[in-house]
Amino acid sequence: MKSLLQGGLCPHPTKYMSDMKKKIILVTGGQRSGKSEFSEKLALENSETPVYLATAHVIDDEFRERVRIHQLRRGSNWSTIEEDINLSRHDMTGKTVLIDCVTMWVTNVFFSNGEDVADSLNILKDEFNKFTSHDAVYIFVSNEIGSGGVSPNAMTRKFTDIQGWFNQHIAAHADEVYLTVAGIPLKIK
C-alpha cells in the first residue's frame, strides 16, 4: 500500500495503537518552505488522530490568519494543545504529536528568562528531554534561521545562536531529520 506521502492512506491504521515505540523527527527549513504541511503528512502517516501542540502566542491579526490557515488544513481528527513553555506537562504516551513550532517555543523561553542564552538553552534541553521520555512519535517543526548573514543586533545574534544550538540538540536525538526547501523535503538523517 502507498504511504500518504506517495498518495495513499495511513498505511498502518491500527499499528501505532499497539506497538508504538519512541520516535523523534525534526523538520526544519526556512519560513514558508513547506515544513508544516510536510510534518502534518508525516503525522497522518503515523496516526489517524494526531495531536497538534501549538507553542505560539497569537499576537496580531496577521498571525491570527496564519493560525486559521493551519487549522483549516488540519481536519477534525486532530486534537490541539496550546503550550508555550512547559511541554512536559503533557504526557503523549502512545500518541503522534506535531510540535509547531520549536522557534516559537525557543522565543517564549528566551524572553521569559531575560534573554539569558545559557539558562534558556538548559531549560529547553531539560524540557525536551522530559517531554520526549515517553513512547510516542514526536514531530518537531523548526526554523533554520542561521543561514543568513550575521545580524548587527546583539539580541538577534543571541537568539540565532540559541535556536541553532537547540536545533542541534533535537537533531542529535532525532531518528529522522528533514530539511524543507521550496516545498521539497530532503531527508538528511
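**Salt bridges, aromatic pairs and surface of the predicted model**

Lys 130 and Asp 126 sit about one helical turn from each other, because they are four residues apart in helix α5, which covers residues 117-131. Their side chains meet in a salt bridge, with 3.5 Å from N to O. The two partners can be described in similar terms of exposure: Lys 130 is partly exposed, at 43% relative accessibility, and Asp 126 is likewise partly exposed, at 42%. The model in which this pair is found is a predicted one, and the account below moves from this helix to the chain as a whole and then back to individual side chains.

The chain holds six helices and seven strands. Read from the N terminus, these elements follow the order α-β-α-β-α-β-β-α-α-β-α-β-β. Of the 189 residues in the chain, 41% are buried. Contacts across the sequence were also considered: among those between residues at least 6 apart, 77% join residues that are at least 24 apart. The exposed area of the chain comes to about 10000 Å², and 52% of this area is supplied by carbon and sulfur atoms.

Attention can now return to charged side chains. In general, side chains of opposite charge can pair when their charged atoms come close. How many salt bridges does a search of the whole structure find? The search gives four, and the pair within helix α5, Lys 130 with Asp 126, is one of the salt bridges. Another is formed by Lys 23 and Glu 176, whose side chains meet at 2.8 Å from N to O. This pair ties together distant parts of the chain, with Lys 23 in strand β1 (residues 23-29) and Glu 176 in strand β6 (residues 176-181), 153 residues apart. Lys 23 is partly exposed, with a relative accessibility of 26%, whereas Glu 176 is buried at 11%.

A further salt bridge joins the side chains of Glu 83 and Arg 89, at 2.6 Å from N to O. Is each partner of this bridge buried or exposed? Glu 83 is buried, since its relative accessibility is 5% and the cut-off for buried residues is under 20%. Arg 89, on the other hand, is exposed, with a relative accessible area of 61%.

Helix α4, spanning residues 102-112, contains Asn 108. This residue is buried, at 9% relative accessibility. Which residues does Asn 108 contact once its neighbours within four places in sequence are left aside? The contacts of Asn 108 are then with Thr 55, His 57, Asp 84 and Ile 85.

Aromatic side chains offer another view of the interior. A search of the whole structure finds 10 aromatic pairs. Among them, Phe 110 and Phe 159 are arranged edge-to-face, with 5.7 Å between centres and 65° between the planes. The pair links distant parts of the chain, namely helix α4, which holds Phe 110, and helix α6 (residues 154-173), which holds Phe 159; the two residues are 49 apart. Phe 110 is buried, at 0% relative accessibility, and Phe 159 is buried too, at 12%.

Phe 131 and Phe 140 form another edge-to-face pair, with 6.4 Å from centre to centre and an angle of 80° between the planes. Phe 131 is buried at 1% relative accessibility, and Phe 140 is buried at 0%. Which residues do ring pairs link into a cluster? Phe 131 and Phe 140 belong to it, together with Trp 105, Phe 128, Tyr 138 and Phe 166.

The surface of the chain completes the description. Val 181, Ile 184, Leu 186 and Ile 188 make a nonpolar surface patch of about 360 Å². One of these residues, Ile 188, lies in the segment after β7 (184-187). Ile 188 is exposed, because its relative accessibility is 55% and residues over 50% count as exposed.

Methods. Residues numbered from 1 in each chain as written. Predicted model: local features only at pLDDT ≥ 70, side-chain atom pairs only at ≥ 80, totals over all residues. Heavy atoms only, no water. Buried < 20%, exposed > 50% of the residue type's maximum accessible area, 1.4 Å probe, protein only. Contact = heavy atoms within 4.5 Å. Areas by Shrake-Rupley, 256 points an atom, 1.4 Å probe, with all protein chains shown as cover. Patch = residues over 30% accessible without salt bridge, like charges linked within 9 Å, V, L, I, M, F, W, Y side chains within 5 Å. Phe/Tyr/Trp six-rings, centres within 6.5 Å; stacked < 30°, edge-to-face > 60°.
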